[in-house]
Structures are given as structure tokens and as C-alpha cells.
Amino acid sequence: MPDPLSLNVQHLKASETVAISNEAKRRKAAGEDVLDLGVGEPDFDTPAPAAQAGIQAIQRGMTRYPPNVGLAELRAGIAQQLSAMSGGRAVNPDNIIVSSGSKQSIFNACFSLFGPKDRVLIPSPAWVSYPQIVHLTRAEPVLVPGDPDWGLKVSVRDLDRASHKLTRGIILCSPCNPTGAVYTLAELKAIAEWAKKNDIWIISDEIYRRINYGPGPAPSLLDLPDELLERTVIIYGASKAYAMTGWRIGAALAPPHLTKAMAALQSHTTTGANHPAQWAAAAAFTDERVDAEVSRMVAAFRRRRDYLVDRFRSEAPGIEFVEPHGAFYFFFRVDGIRDTDPVTGQSFCEQLMKQEGVALVPGAAFADDRWVRLSYAVSDAELERALEKVLRLIHRLASARAA
């Protein structure tokens, strides 16, 4: 019998979304016709100016250890981008630390802020890694169910009910993975005021901020007054809006003392993010040509979102879904498809893969198995073909109910 593992990983589970993506790839490699709408990854190529900047960095010999906190040019570019999205507010690049993807940025913040006996509130459904990262800090993740009538978002009332004298933080995500919901500025302000009143840290994951279907970028805590940001960490990065998932560049903007702590932690883990990738990301955040590419990608996501919503409303009118206002996810509910023997997200996705060859993610991965997540970060042709199969299964299950 193998030796027991450390208590550090006793709660740890592998990422369900990664597992589903790997299974879809395995089936494709085996010659099966599989449509993968499970992965949260843009289907576009990295914009050419950013990719070229990475290539040129390698050619110039920028392949040695980078500064632990990130290249000055990249931190300045991120500060410039965050400032521009929030009406020109001052953003100090010295308060930014660059990491190997926004997931590491979230880990650095959580590991530096939370520990044993602390409680961290996580609006649910939630991205698979938030509870796991909190577990790694030996703190307790507390899932706070969102309101189905409010896009599965949480209110101050929800947070207050779930709060406790040991509550130390909250992890927000807007635009939200897995639902596509977006918190309004008024909603963010109310949460920030509540957090300030209760001395609670907010880690705000804004990696999807530019993929917003309203005017401009999605609202941010950076749009609020300074006095509400004293215990706030903003998570940002290049992965989603810039189609740079594999470059692994994320960032955190935090108060100076926390930035210093995260930098010390990172110096003993990764010692900074990939050097050439940082130059590529610096170009992504500052080159106007890349900005135009981002606008084109967001327009494509919006078109696909509209197509999905229209098809579901006209062909599956009884299926509840969250109106997606950002990101590239469509979150729909399956437990009401039939009255007896209710459908779960897990069983729906298993049948969909087995019978139709389409990979989606069951809501169990996000702590609510009544739902299913569909990523529309795929080509229009793939989306149309996959949606036909999804709707076909829904109709088949509904017909079984009627019989």
C-alpha cells in the first residue's frame, strides 16, 4: 500500500475541464468524430504582432531568467491597459506582479492571504480551480449559491448569510466562468462596500473583462473609488481576450505589501514567467494592431452568443439558461427536461458524448450538477453542427418524458 500523501493535497482533485478536454483529444486521436465545446480556450490564433514579438525576443537572446516580478515593459503595458479600461485612473506598475498564467496569480494571492481556519466565500457555480486553490492554503472554501433569477450572481444579502467571524476573503469572477454573467458596477460597488465594512479581502478575477457584450469592457472594481480598494486584488492576463492561453502570462494588481509578499512567494516557486512570452504579452497590451484583433474576436464571440440564444429560445423554449453578457460560455439547465428520473449535468454530458460525439462540461465541475456549460469558443461551423446534436438530445430526452 502506498504511503499516505500530505494533508496539503488531501482535498485536491484534478481539473474536470482539463480531464474532459483530454478525453475529447484522445477520442479524436483514435479517429472518432468529436466536437469539443468543453474547453475554455479561444479558437483564434495569437495576434501576429504579439507572436512576432515573442519570436524576436528569442532571436535577441531574451531566454535567460526574467525579473521575478515581471519585465518592466510588461508591467507598464498591463498598467496602461488597466488604466485605459477604467477611464484613465492611475495604476502603478510597481503594484503589479506577473506570473505563469492568471491561475498562478490567484494562487499567489490566496496563499499570501489565507490560511488554516480562514473561510473564503466563492459565488457558485464557480470555476473549478477556486475551491481547490483555497484548499491548498488550508483555508475553507465556502460556496455561496447564486440566484437563478439573477443570472446566478450573488448579492450582499447572500454573502452576509454565508459570512462568519472567520471569513477572510471572497473570490469574484466577472464576466463569469462558467455562466457568462456580468456584474454591474452598482452590484460590484455594493459588494465592495460590504467587504470593506467587514474587513474582507476581494480577489477579483477579471481575465474575461474585455470579452463583454455591453459597451466597452465589463465593469471592474477598478471603476470604484480608492477607499473601496484597500483590500482588493485584481487578476488579469493575456490568455482569454488575446488568445494567448499557451503563453501562460497572468498578472495581479494588489496593495504594495501584498505585492511584496506574492513576489517573495513566487521567488521560491517559479521565479517569474516565461521570458519570451512576457515580451509577446507586452506587445499584446500595447500594440494598436492587437487591439483591433481583440475587437474582431469579441465581435465573433458576440455573433456566436446571439446564434446560441436565438436557437435555444426558438427550439428549446422550456430550457432555462443564463443570459450570457460576457466571456464565451453558455450555461443551461437540464434537470427539468423530464419530470421523472431527472437528468443531471453528468448524465446529459455522458449521453451527449456517447450518442452524439459532443463534449460539454457538466455543472458538477462548477458545484451545481443541474446545469451544463457549453463553450462557444469554436468556429461557427463547429458550433452549428454541435448545437444540432445538443438540441437533438434535448428533444429526445423531452420526448421520453412525454411518453
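In this predicted model, the 28 residues of helix α10 (residues 288-315) should span 40 Å at 1.5 Å a residue, and because the end C-alpha atoms of α10 are 41 Å apart, the expectation and the model agree. The buried residues of α10 include V290, V294, M297 and V298 towards the start of the list, together with A300, F301, R304, R305, L308, V309, R311 and F312.

Helix α3 (residues 72-85) can be examined in the like manner. The two helices are set out below.

| Helix | Residues | Number of residues | Expected span | Span between end C-alpha atoms |
|---|---|---|---|---|
| α10 | 288-315 | 28 residues | 40 Å | 41 Å |
| α3 | 72-85 | 14 residues | 20 Å | 20 Å |

In α3, the residues L74, R75, G77, I78, A79, Q81, L82, S83 and M85 are buried. Among the elements that cover these buried residues of α3 are the strands β2 (96-99), β7 (232-237) and β8 (250-253), as well as helix α9 (275-286). After α3 comes G87, which has a positive phi near 70 degrees.

Strand β12 (residues 371-375) is mostly covered, with five of its five residues buried. On one side of β12 lie W371, R373 and S375, and on the other lie V372 and L374; both faces are covered.

Which strands pair with β12? Strand β9 (residues 329-333) pairs with β12 in the antiparallel sense over five bridges, and F330 has L374 of β12 as its bridge partner. Strand β11 (residues 361-362) also runs antiparallel to β12 and is joined to β12 by two bridges; here V361 stands opposite R373.

Key. Residues are numbered from 1 along each chain as its sequence is written. This is a predicted model: local features need pLDDT of at least 70, side-chain atom pairs count only at pLDDT 80 or more; totals for chains, interfaces and linings use all residues. Side-chain values use heavy atoms; hydrogens and water are left out. Buried means under 20% relative accessible area, exposed over 50%, partly exposed in between (1.4 Å probe, protein chains only). Helices (H or I, at least four residues) and strands (E, at least two) are DSSP runs, numbered from the N terminus. Two strands pair if DSSP finds at least two bridges between them. The expected span of a helix is 1.5 Å times one less than its number of residues. Contact means heavy atoms within 4.5 Å.
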